[in-house]
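Welcome! Take a first look at the sequence and the fold below, and then let us talk it through together.

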Amino acid sequence: MPIVSIEDIGQHLGEEVTVRGWLRHKRMGGKIAFLVVRDGTGDIQVVVSKAGVGEPIFAETGQLTQESSLIVTGRVRADIRAPGGFELDATHLQTVHLVTEEFPIQPKEHGTGFLMEIFTPNACEGTTTLFETDYFGEKAYLTQSGQLYNEATAAAFGKVYCFGPTFRAEKSKTRRHLMEFWMIEPEVAYAELRDMMDLAENFLSFVVAQVLARRKEELKILERDTSKLEAIVPPFPRLTYGEAIERLQKSGNPIQHGDDFGGDEETILSKEFDRPVIIHRYPAAIKAFYMQPDAEHPGLALCMDVLAPEGYGEIIGGGQRIHDRQVLESGLTAHGLSKEAFQWYLDLRTFGSVPHAGFGMGIERTVAWICGLEHVRETIPFPRMLYKIYP
Ligand code: 4AD
Ligand code: MG
C-alpha cells in the first residue's frame, strides 16, 4: 500500500493507504475501537473493527497505550464530523513499539517548568572534540551537531531538519577542518539507512543542479570547470566499507580492516569516481555511539559517509540510529558515556520508538567542492581554525 502523510490523505479518497505514526488517544467499544493517530503532519481518526482487522489484531489494538508507535493500513473515507474531514477504516495494524511505562505528558495543562525538565546538554560526536564552556557555574558544551535534538523533534513531526553553526575542538590543521562550521541535518522517522542514501543522493544532485542553473556567472568568476558538476546526477556509486578498504589496498595504501579513513584515503577514493561516492557499513567501533548495528553483519553499523569527487572527501555523515533502548544503553557503555546525561535521549526509546535515520551535510566542505576551492577557509566569512580566531 502507498505510504502517505496524514496531511495528504484527502488525495486518496476511497483508496487503501498506509499511515505510520503514534497513538495520541484511544476509545474502545466491544467490537470497535477509535484511535487518534498522529504522524507529525496531522491527526486522523482510525476506526478499527473486529470484522475489519480480525480477532488477533483487534485484541492487540486493545493493548495500545498513548504514544505507542504503529503502522496502520486502511481505506480513506470522507466524514464531515471528523477533524480534517477524513477517517481511516483499518484493514491492518502493526504495533512498532508498545509503550509500557506511563507517558509523563498527559493531555492536560502542564507548567513549562515541567516540560523544560526534559532537556540536558550532551556530547554527540565523541567527547574529545567538545568545546567546554562555563554556563553560569554549570559545565556545558558548544554543540557538535543538532542530531540528538533532531531525533526528538522527528518523533514529533516525522520529517525535520536543522541548520546552524556547530563546533568541533579538532586539533586538525587541514584544508577540510574548521572549529566552527555550518551543518544542515535532516532526520526522518520510520526511515532506514537506504532511505538516507537515496535522500543524500537526491539532495546533492538537486543542490548542484540549482547552482548550475542559477549561479553560472559566479562559477565563471571562480573558473570552475562546470562539466564536472554536470556529471552530478543519480545514481551515485555505493561501496561498503569493506569494498573501499580493498580498493585502497589495491592502490598500495597501507590501510587495514578496522582503521578509519584519514584525509589521504578519502582523497584516493573520491578521485576514483566522477560523482560523489557513498561508503556504508563501517565498523561500529570507529563510529559514534548511536549507530544502529547491522543485524546481517555483526560488528558493522548502518551508517554512511558521502565523499565528494575530485579529491574533496567527506561532505556528509549519517545513517540509521539505534531505536532499541537496551541496545542504546550498551552503545553508551561501550563508548564510556554516562546513562544519566542521556536520560532524555533514552526516553525517546521508551515512548513510541521507531526506526529512524538522518545525516549531516557540512556546508563549507560542500561549497568548497562545488566552487572548486582549495581550502574551506575560503567558504566562510570568519573562519575559525586551529590558530586563527581573529577577527
Ligand atoms: O560526520 P559528522 O561528524 O556527523 C555528524 O555530526 C552527525 N551527527 C550528523 C547527523 O547525522 N545528523 O559531520 C557531518 C559533516 C561532515 O561530513 C562534514 O561535511 C562536516 O559535517 N564536518 C566538518 N566540516 C568542517 N570542519 C570540521 N571540523 C567538520 N567536522 C564535520
Ligand atoms: Mg563524519
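Here are a few questions and answers to help you find your way around.

This is a predicted model, where local features need pLDDT of at least 70, side-chain atom pairs count only at pLDDT 80 or more, and totals for chains, interfaces and linings use all residues. Residues are numbered from 1 along each chain as its sequence is written, and side-chain values use heavy atoms, with hydrogens and water left out.

Q: In what order do the strands of the closed barrel run?
A: The barrel has 5 strands with mixed pairing; strands are DSSP E runs of at least two residues, and helices are H or I runs of at least four, numbered from the N terminus. Two strands pair if DSSP finds at least two bridges between them. The order is β1-β2-β3-β5-β4.

Q: Which residue in β5 does Ser69 stand opposite?
A: Strand β4 (residues 69-78) pairs with strand β5 (residues 86-97) in the antiparallel sense over 10 bridges. Opposite Ser69 in β5 stands His97.

Q: Which element gives the largest share of the largest nonpolar core?
A: A nonpolar core joins buried (under 20% relative accessible area, 1.4 Å probe, protein chains only) Ala, Val, Leu, Ile, Met, Phe, Trp, Tyr and Cys residues through side-chain atoms within 4.5 Å. The largest one has 36 residues. Elements that give two or more residues to this core include β9 (180-189), β13 (313-321) and α12 (363-371). The largest share, 7 residues, comes from α5.

Q: How many residues does the other core, with Leu148 among them, have?
A: This core lies apart from the largest one and also includes Ile255, Ala301 and Leu346. Its size is 30 residues.

Note on methods:
Chains lettered and ligands numbered in written order. Buried < 20%, exposed > 50% of the residue type's maximum accessible area, 1.4 Å probe, protein only.
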